[in-house]
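Thank you all for coming; I would like to walk you through one structure this morning, a piece at a time. Please have a look at it first, and then we will go on together.

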Amino acid sequence: RCYILSNKNGKIQLSLRQSRLNPKMYSKVEDVEITCIKDVKKGQLVRGYVKSITPSGVFFGLSASLLGRILFQNVSPYFVQKHSLYEKYLPEGKLLTAKVLGVNGKEKHIELSLLPEDTGMPSVLPESLGLPQYGAEEEKREADGKKKSEEPKLKTKRRRGNSENEAEELYRLGKKVKLHWRLSKVRSCSSWEAKKRKICPADENDSGIEVYYREEDEDDQEEEAAKKKSKIRKPGEAPRLQVSMGFTWDEDMNAMDIPLVNQKEESSESEEEEEDPQSKLKKKTKKEKELEKQKKEKELCKVEAALMDPSRQPQSADDFDRLVLSSPNSSILWLQYMAFHLQATEIEKARAVAERALKTISFREEQEKLNVWVALLNLENMYGTEETLMKVFERAVQYNEPLKVFQHLCDIYANSEKYKQAEELYHTMLKRFRQEKSVWLKYASFLLKQGQTEATHRLLERALKALPTKEHVDVISRFAQLEFRFEDTEHAKALFESTLSSYPKRTDIWSIYMDIMIKHGSQKEVRDIFERVIHLSLAPKKMKFFFKRYLDYEKKFGTAESVLAVKRAALEYVETKSSLTDT
């Protein structure tokens, strides 16, 4: 059954909302219908279906004509590199709850969020995947960037410090040296060099020339060997420009001590200045790590407390997995697990849970297994085809009592208003289980619900022919009770009267007849039945039971005179019985 919304240009728009199909039974609307963008407000929680996943985000269907977009950072708190993972956990047509972050009425754009802190629902990506969170990924990138920027600075400091220490030791010897000047590769000025230039203005005219020293006492051969060595460079090292001319300074090297000392002091100051912000950064990262640890510990404590709460309802597939592991033979938990997937329109997952339950539940728990089979039959009836339903039905008949499976499938057909299939199945049952009284009674109830009273009368005749004689009285009584329930009172009374005329001493039938007439008949009819019973020749214990019922009825519905009349009738019965015993 479905509700037709519109029929334009040969296109029929349908609705399966229960509030439209059965407005009396489902007057309360859970999801308010969204027809235009004006129905959507910022901060509102809405339910919809996944339409598609594109590089720009997840597109979310709020109605037949309205779409919203969810950016990937608002889909899950976890950082995902491959978007194919979203396609696995967010299949097209999946039902989800989202929060409206923003609405642009002019451009008709709706921004949504699926984050747990916005919707209050579990994350669409489970924790078991071990994905990093967005905050943790950004911190890692920042830390890597800082390490890379600090490494060249440390290397330049070490080079400068080593060259200064060597020069100072040489100058203190007081020897005259011969200097060779060589142009080095022009390098970009580092932050350390910039700070040094600010402190020492004498270095402004520095042309980037490196100084190589040789003692005067060394031979020319050593100089040639050094030149050959300098010409041989390591692979990957940039070539250096060389100046062939050289000159000597005969000045005393003591004059060089003062600028060298100043240069050393300036370099140590600049190093201290650079180390201070680095140490501060290290201290900050430690604090952040401690705060993160405390935050994670608090979250873990909350999760553990929630998991230990016995009244907590499962919110995710992981919660259900824990529950079914603790109680594997409980069919209620397995059925709730199936319903959880069906709410999200994950039919295949619900089937997989049912098959897993049938394998897990112990073979001794026959009723628990039958409950799961019935749930699987319901699932195939609602979401599967006739072929898949028949396959599950045949398997269920093999593993359970066939009569129970047949009866459950008849109920499923009747509840889903598939009356033709139900009637065909009842005919099959009457042929296969002719000697079973419950089959005839169940079919009679089905026919009376359809208003087929004549067919019910014919069915009673067939039942009396098929069933053994000892079952006849009980079957007639049960048919009469069903007819009373479905307002075929005249025929029901006739059945009771004929049965009691044939079996007047069946006190159980008299008692049932009284109970039904008290509910459905008039007071006159009830009193006539009591008067007939108290004048029967029954055992004293049974007569005492009926007199007591008659007296209770008169006390509740009669007058003082009618109560006295019942008491007089009881005394007369006692006196006649005592006189008979005396004689």
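Let me start with helix 11, residues 366-383, whose 18 residues should span 26 Å at 1.5 Å a residue, and whose end C-alpha atoms are indeed 26 Å apart, so the two values agree. The expected span is taken as 1.5 Å times one less than the number of residues, and helices here are DSSP runs of H or I with at least four residues, while strands are runs of E with at least two, numbered from the N terminus.

Before going further, I should say that this is a predicted model, in which local features need pLDDT of at least 70 and side-chain atom pairs count only at pLDDT 80 or more, whereas totals for chains, interfaces and linings use all residues. Residues are numbered from 1 along each chain as its sequence is written, and side-chain values use heavy atoms, with hydrogens and water left out.

Which residues of helix 11 are buried? Among them are Lys369, Leu370, Trp373, Leu377 and Glu380, where buried means under 20% relative accessible area, exposed means over 50%, and partly exposed is in between, with a 1.4 Å probe and protein chains only. The cover over these buried residues includes helix 9 (331-343), helix 10 (347-360), helix 12 (386-399) and helix 13 (402-415).

Two loops among these helices deserve a word. Between helix 9 and helix 10 we find Thr345, with a positive phi near 55°, and at 35% relative accessibility Thr345 counts as partly exposed. Glu417, in the loop between helix 13 and helix 14 (419-432), has a positive phi near 60°, and is partly exposed with a relative accessible area of 42%. As background, most residues other than glycine have a negative phi.

Now to the interior. The largest nonpolar core, meaning a set of buried Ala, Val, Leu, Ile, Met, Phe, Trp, Tyr and Cys residues joined through side-chain atoms within 4.5 Å, has 85 residues, and Met429 and Leu459 have the most contacts inside it. Because domain 3 (315-433) and domain 4 (534-578) both give residues to this core, it lies between them; the domain bounds come from an automatic or database domain assignment. Apart from this core lies another, of 25 residues, including Val46, Val75, Tyr78 and Leu112. Contact here means heavy atoms within 4.5 Å, and, not counting residues up to four places away in sequence, Met429 touches Leu403, Phe406, Gln407, Cys410, Arg434 and Val439.

Let me turn to the strands, which count as paired if DSSP finds at least two bridges between them. Strand 3 (residues 45-54) and strand 6 (residues 95-104) pair in the antiparallel sense over five bridges, with Arg47 opposite Thr97. Strand 6 also pairs with strand 7 in the antiparallel sense, over five bridges, and Asn104 stands opposite His109. These two strands form a hairpin with four residues between them, and Lys108 in the turn has a positive phi of about 60°.

Finally, is Ser113, in strand 7 (residues 109-113), buried or exposed? At 0% relative accessibility, Ser113 counts as buried. Leaving aside neighbours within four places in sequence, the residues in contact with Ser113 include Ile70, Asn74 and Asp118, and the side chain of Ser113 reaches the backbone nitrogen of Leu115 at 3.2 Å.

How values were computed
A polar contact is a pair of N or O atoms within 3.5 Å; within protein, one must be able to donate a hydrogen and the other to accept it, and residues adjacent in sequence count only if both atoms are side-chain atoms.
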